[in-house]
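Colleague: I should be grateful for a close look at a single part of this model, the surface that meets the nucleic acid. Please add whatever is useful on how the protein chains meet each other.

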2 protein chains.
Amino acid sequence: MAIAKLDRRTEIRQTAKKLFKERGYAGTSMRDLAKEVGIEAASLYNHLSSKEELLHEMCFDIAEQFFTAFNTAVAEEKGSSKKLKAAIRAHIGVISSNLDASTVFFHEWVFLKEPELGKFKKLRYQYEQGFREIIQKGIADKDFKEVNVKLAVFTIFSALNATYDLYKSSEKLSQEEIVESISNLLLKGLKK
Amino acid sequence: MAIAKLDRRTEIRQTAKKLFKERGYAGTSMRDLAKEVGIEAASLYNHLSSKEELLHEMCFDIAEQFFTAFNTAVAEEKGSSKKLKAAIRAHIGVISSNLDASTVFFHEWVFLKEPELGKFKKLRYQYEQGFREIIQKGIADKDFKEVNVKLAVFTIFSALNATYDLYKSSEKLSQEEIVESISNLLLKGLKK
DNA sequence: TTTATTTACTAACGTTCGTTAGGTAAAGGT
DNA sequence: ACCTTTACCTAACGAACGTTAGTAAATAAA
């Protein structure tokens with residue numbers, strides 16, 4: 001065969017990301033998914049083993065991408081401000097190159113069942129921990145103000161994790177504009 | 001009758017907020033709701049006319065609260081920084097006194113059907129416009145940096161709208177701590 | 001005390017859910 | 001040429017969905 005057309009397996013998964021994003025996991029039926037792909041619902045099961053598997057794959061795939069991007073980004077920079085900005089860029093980068101899946105990652109992980117749910121939460125905590133450590137180091141080095149670290153990281157993630165929303169607006173913002181704007185605001189603030 | 005116990009109508013709506021928050025609108029069935037209230041699913045319909053009505057009420061009730069709180073808050077302050085901080089406080093205040101419903105407001109409005117969906121989006125745009133105008137005024141008065149207004153407001157809302165998450169963490173943060181911390185970060189930034 | 005309203009029940013409606021069983025036709029490997 | 005595998009189909013499973021109908025008991029109004 002060699003060089004097949006983009007196969008059904010992949011097509012189904014891409015379509016599932018799109019639908020889970022648009023209608024939510026619980027709001028998307030396997031029949032919806034099948035119709036969008038152009039086959040019967042039962043035929044989906046030649047390419048997957050359950051609806052839940054789709055969600056599971058999406059969430060953990062994105063989780064892994066976040067880790068990888070973070071690790072390479074911060075390794076390349078010295079200094080807390082630069083590390084933080086690099087981490088922000090990496091995080092936004094993963095979102096912008098996985099617009100559907102990352103939306104699912106942020107909103108639909110609640111439908112994971114144990115034990116995956118627990119595993120997922122743990123991964124997320126670990127990932128956030130990376131950001132907390134950058135900020136702690138920054139405070140220790142007197143680069144950053146003595147803020148409440150947890151709250152600061154919370155605020156940063158809130159801002160970053162909503163950026164998928166920016167890409168559907170009509171404004172054509174480049175990724176670097178978004179990165180610059182958000183990290184400037186978070187690092188230097190609004191006040192003159 | 002006089003002074004009835006907290007009536008069923010109210011009880012059902014409070015329980016619905018809790019369940020819609022925990023399991024999502026699509027992920028909550030009327031039988032789930034009935035069981036939690038302690039009656040049969042069919043009996044719910046003595047107190048409401050449809051599942052959708054519940055969602056509709058929650059979303060528009062919170063929308064109204066946001067408007068009211070915003071208007072009184074900014075009317076009491078002069079100067080862009082103070083107005084913005086007051087608006088932030090008001091916004092967080094509405095969230096913190098409606099923890100269930102505001103979560104539904106942020107995540108489940110997508111399940112509204114037309115024409116309510118359109119009406120909802122319009123209200124939200126108008127509300128955000130209030131924040132944009134504060135920032136525009138602040139820039140014009142040289143109080144604020146010349147930031148991309150839309151992106152700044154986007155970032156602010158992202159941070160504010162996630163605060164409902166803070167109240168379920170074990171840390172006992174007071175509302176004023178949260179307001180101070182977030183508005184300081186957004187106004188003055190992380191950098192020293 | 002009779003009457004009307006409210007609140008709950010059981011039973012069931014038609015629909016949709018995720019998924020399985022079993023079959024068919026084409027493609028690929030040997 | 002044969003056999004296996006892949007990819008689809010139709011049909012159907014039992015369960016769950018939102019909601020309606022009809023009724024009985026309790027409560028309030030007259």
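Modeller: In this predicted model, a side-chain N or O atom of Ser43(B) is placed 2.7 Å from a phosphate oxygen of DNA strand C. Chain A also reaches a phosphate: for Lys51(A) a backbone N or O atom is involved, at 2.9 Å from a phosphate oxygen of the strand. The bases are approached as well, since a base nitrogen of DNA strand C lies 2.8 Å from a polar side-chain atom of Arg31(A). Among the strand atoms within 4 Å of the protein, sugar or phosphate accounts for 52%, and bases make up the rest.

The surroundings of DNA strand C comprise 16 residues, of which Tyr45(A), Arg8(B), Glu40(B), Asn46(B) and His47(B) come nearest. By class, this surface holds five nonpolar, six polar and five charged residues.

As for the protein chains, 39 residues of chain A contact 39 residues of chain B. Together they bury about 3500 Å², with carbon and sulfur atoms giving 68% of that area. Zero salt bridges are found across this interface, while five residue pairs are in polar contact, both partners being at pLDDT 80 or more. On chain A, the side touching chain B draws at least two residues from each of α4 (80–96), α7 (149–161) and α8 (175–188). The most come from α8(A), which supplies eight residues. In composition, that side of chain A has 19 nonpolar, nine polar and eleven charged residues.

Definitions and conventions: Residues are numbered from 1 along each chain as its sequence is written. Chains are lettered from A and ligands numbered from 1 in the order in which they are written. This is a predicted model: local features need pLDDT of at least 70, side-chain atom pairs count only at pLDDT 80 or more; totals for chains, interfaces and linings use all residues. Side-chain values use heavy atoms; hydrogens and water are left out. Contact means heavy atoms within 4.5 Å. Buried area is the accessible area (1.4 Å probe) that two parts lose on being put together, summed over both. A salt bridge is a side-chain nitrogen of Lys or Arg within 4 Å of a carboxyl oxygen of Asp or Glu. A polar contact is a pair of N or O atoms within 3.5 Å; within protein, one must be able to donate a hydrogen and the other to accept it, and residues adjacent in sequence count only if both atoms are side-chain atoms. Helices (H or I, at least four residues) and strands (E, at least two) are DSSP runs, numbered from the N terminus. Ala, Val, Leu, Ile, Met, Phe, Trp, Tyr, Cys and Pro count as nonpolar, Asp, Glu, Lys and Arg as charged, and the others, Gly among them, as polar. A residue is near a molecule or strand if one of its heavy atoms lies within 4 Å of it.
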